[in-house]
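Thanks for making the time this morning. I would like to walk you through one structure, taking the charged pairs before the pocket.

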Amino acid sequence: MNIDALEYRNLQSLEEAEAAWLIEKNGYPEDEAAGLDNTNYRFTHAPHLFYGAFAGNELVGYIMSTQAASPLVTHESMSQHDPQGSTVCVHSVCVSAKWQRKGLATQLLKKYTEALRSYNKTATVKASRLALLSHKYLLPLYEGAGYQTIGVSNVVHGSESWYDCILDL
């Protein structure tokens, strides 16, 4: 189970997006997990922002995002995609249970940032920032991947407080 041996790439089908949803459903509390319809909407409208780690044909971790005009994740950005937005709102960073605690989430975040910087070279609308919401206990993960914690978010989603984090590209 070496994370360097995994294949890192964009998801390519609704079947792979559904595999991501299954990881999310098992990895997030019920009041925080995206539903299958929301996952499919995000994949259909922003497939270039769905990125995964694969062990052979098995998806073992992924990042799911949309674009927004606002500089931070908002309630609106969680259910919509603005193809003209310059902020990439990261909605999920999730790793299957057997791959957790191996550095895969950090590796995914770093590879995702590299992939977005590469995408920006040819994109019509360039991403200027990554933004996400984090629980307090996960802040070291995101800060270790280059994100800066801004403070407590105004977004309420689930029962715990969230913190705004950004990474300018």
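What follows is a short tour of the salt bridges and then of the largest pocket. Please keep in mind throughout that this is a predicted model.

Let me begin with the charged side chains. As a reminder of the background, side chains of opposite charge can pair when their charged atoms come close. When the whole structure is searched for such contacts, four salt bridges are found.

One of them joins R9 to E16, where the closest N and O atoms are 2.8 Å apart, and both R9 and E16 are buried. This pair does not stand alone, since E7, R9 and E16 are joined into one network by salt bridges that share partners.

Another salt bridge brings together the side chains of E58 and K98, with an N to O distance of 3.7 Å. If you follow the chain, you will find E58 in strand 3, which covers residues 58–68, while K98 sits in the loop between strand 4 (87–95) and helix 4 (104–120), so that the pair links distant parts of the chain, 40 residues apart. As for their surroundings, E58 is partly exposed, at a relative accessible area of 36%, and K98 is likewise partly exposed, at 45%.

The next pair to look at is D168 and R129, whose side chains meet in a salt bridge at 2.8 Å, N to O. Because D168 belongs to strand 7 (residues 163–168) and R129 to strand 5 (residues 129–134), this salt bridge ties together parts that lie 39 residues apart in sequence. Are the two partners buried or exposed? D168 is partly exposed, with a relative accessible area of 46%, whereas R129, with 18%, counts as buried, because the cut-off for that word is under 20%.

Let me now turn to the empty space. The largest pocket has a volume of about 880 Å³. It is lined by 36 residues, and those closest to its centre are Y28, V93, C94, L138 and Y142.

Which elements give two or more residues to that lining? They are helix 1 (14–27), helix 2 (36–45), strand 4, helix 4, strand 5 and helix 5 (139–144). Strand 4 gives the most, with six residues. Sorted by class, the lining of this pocket comprises 20 nonpolar, ten polar and six charged residues.

To close, I would come back to strand 5, which holds R129 of the pair with D168 and also gives residues to the lining of the largest pocket.

Note on methods: Residues are numbered from 1 along each chain as its sequence is written. This is a predicted model: local features need pLDDT of at least 70, side-chain atom pairs count only at pLDDT 80 or more; totals for chains, interfaces and linings use all residues. Side-chain values use heavy atoms; hydrogens and water are left out. Buried means under 20% relative accessible area, exposed over 50%, partly exposed in between (1.4 Å probe, protein chains only). Helices (H or I, at least four residues) and strands (E, at least two) are DSSP runs, numbered from the N terminus. On a 1 Å grid over the protein atoms alone, a cavity is a set of points where a 1.4 Å probe fits but cannot get out, and a pocket is an open set with protein on both sides within 12 Å along at least five of seven lines; lining residues have an atom within 4 Å of a point. Grid points are joined across faces, edges and corners, and a volume is the space filled by probe spheres set on the points. Ala, Val, Leu, Ile, Met, Phe, Trp, Tyr, Cys and Pro count as nonpolar, Asp, Glu, Lys and Arg as charged, and the others, Gly among them, as polar.
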